[in-house]
Amino acid sequence: MKEKLSICVLDDEPIVGDRLKPELEDAGYEVEIFTDSATAIKRLDDRCFDIFVTDLKMEGVDGMGFLEKAKERCENSEVIMITGYATLESVRESFVKGAYDVIAKPFRIEELRTAVNKAKKRINKKK
């Protein structure tokens, strides 16, 4: 039996995790939700996730800082940034730092599902 891919969703707006968790679990993923970056970073001490979905603008360590930590600790993972503040500069910086994709808020669940499925294909090629 194939092991489920794991997804970490980090967004300081609880509604994002509330919406994404059931959608992603129904698609066959194991999902953990975090609403603050400190707790999500601490979780990286215990495990790496296959895919990270993180907001860009948050209190404490922002999404860019989290992206750096996730790629440093979990180099084979893919990171999808979601943001309501997409600028050409922030998108470019995200890709330079190793993000797989950047999705502007508000987004349709299908947009995120497509990005996650593409990231899954890339991860499966690495295995």
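Student: Let's start with glutamate 110: is the residue buried, partly exposed or exposed?
Tutor: Keep in mind that this is a predicted model. The relative accessible area of glutamate 110 comes to 40%. Buried needs under 20% and exposed needs over 50%, so glutamate 110 falls in between and counts as partly exposed.

Student: Which side chain meets glutamate 110 in a salt bridge?
Tutor: Look three residues along helix α5, about one helical turn from glutamate 110. The partner there counts as partly exposed too, at 24% relative accessibility. With 2.5 Å from N to O, the salt bridge is to arginine 113.

Student: Which residues do salt bridges with shared partners join into one network?
Tutor: Two of the members are arginines, Arg43 and Arg47. Their carboxylate company takes in a pair of glutamates and one aspartate. The whole network is Glu30, Glu32, Arg43, Asp46 and Arg47.

Student: How far apart are N and O in the salt bridge of glutamate 25 and lysine 21?
Tutor: These two sit four residues apart in helix α1, which puts about one helical turn between them. Glutamate 25 is partly exposed at 35% relative accessibility, and lysine 21 is partly exposed at 29%. In their salt bridge, the N to O distance is 3.1 Å.

Student: How far apart in the sequence are aspartate 55 and lysine 105, which form a salt bridge?
Tutor: Their closest N and O atoms are 3.4 Å apart. Aspartate 55 belongs to strand β3, while lysine 105 lies in the loop between β5 and α5. The salt bridge therefore links distant parts of the chain, a separation of 50 residues.

Student: And are aspartate 55 and lysine 105 buried or exposed?
Tutor: The cut-off for buried is under 20% relative accessible area. Aspartate 55 and lysine 105 both meet it, so both are buried.

Student: Zooming out, how many salt bridges does the count come to?
Tutor: A pair goes on the list if a Lys or Arg side-chain nitrogen is within 4 Å of an Asp or Glu carboxyl oxygen. By that rule the number of salt bridges is 16.

Student: On to the nonpolar side: which element gives the most residues to the largest nonpolar core?
Tutor: That core has 20 residues, and those touching the most other members are Ile7, Leu24, Ile51, Val53, Ile80, Leu112 and Val116. Elements supplying at least two residues each are β1, α1, β3, β4 and α5. With five residues, the top contributor is α5.

Student: Which residues does isoleucine 7 contact, leaving aside neighbours within four places in sequence?
Tutor: Isoleucine 7 is one of the core residues that touch the most other members. The contacts are a mix, with two glutamates among them. In full they are Leu24, Tyr29, Glu30, Val31, Glu32, Phe49, Ile51, Val53 and Val116.

Student: How many residues does the second, separate core hold?
Tutor: Phe52, Met64, Cys74 and Val102 are included in that one. The number of residues in the second core is 19.

Student: What kind of aromatic pair do phenylalanine 49 and phenylalanine 52 make?
Tutor: The structure holds two aromatic pairs. In this one the ring centres are 5.7 Å apart and the planes meet at 70°. Planes over 60 degrees apart set the class, so the pair is edge-to-face.

Student: Which residues make up the cluster linked by ring pairs?
Tutor: Both phenylalanine 49 and phenylalanine 52 are buried. Phenylalanine 52 also pairs edge-to-face with phenylalanine 66, at 5.6 Å between centres and 75° between planes. Phenylalanine 52 is in strand β3 and phenylalanine 66 in helix α3, so this pair ties together parts 14 residues apart in sequence. The cluster is Phe49, Phe52 and Phe66.

Student: Which residue lies over the face of phenylalanine 49?
Tutor: The distance to the ring centre is 4.5 Å. The residue over that face is arginine 47.

Student: Last one: which residue in β4 stands opposite phenylalanine 52?
Tutor: β3 and β4 pair in the parallel sense over five bridges. Both faces of β4 are covered, with Glu78, Ile80 and Ile82 buried on one side and Val79, Met81 and Thr83 buried on the other. Opposite phenylalanine 52 stands valine 79.

Technical notes:
Residues are numbered from 1 along each chain as its sequence is written. This is a predicted model: local features need pLDDT of at least 70, side-chain atom pairs count only at pLDDT 80 or more; totals for chains, interfaces and linings use all residues. Side-chain values use heavy atoms; hydrogens and water are left out. A nonpolar core is a set of buried Ala, Val, Leu, Ile, Met, Phe, Trp, Tyr and Cys residues joined through side-chain atoms within 4.5 Å. Buried means under 20% relative accessible area, exposed over 50%, partly exposed in between (1.4 Å probe, protein chains only). Contact means heavy atoms within 4.5 Å. Rings of Phe, Tyr and Trp (its six-membered ring) pair if their centres lie within 6.5 Å; planes under 30 degrees apart count as stacked, over 60 as edge-to-face and the rest as tilted. A charge sits over a ring if NZ of Lys or CZ of Arg is within 6 Å of the ring centre and within 35 degrees of the ring normal. Two strands pair if DSSP finds at least two bridges between them.
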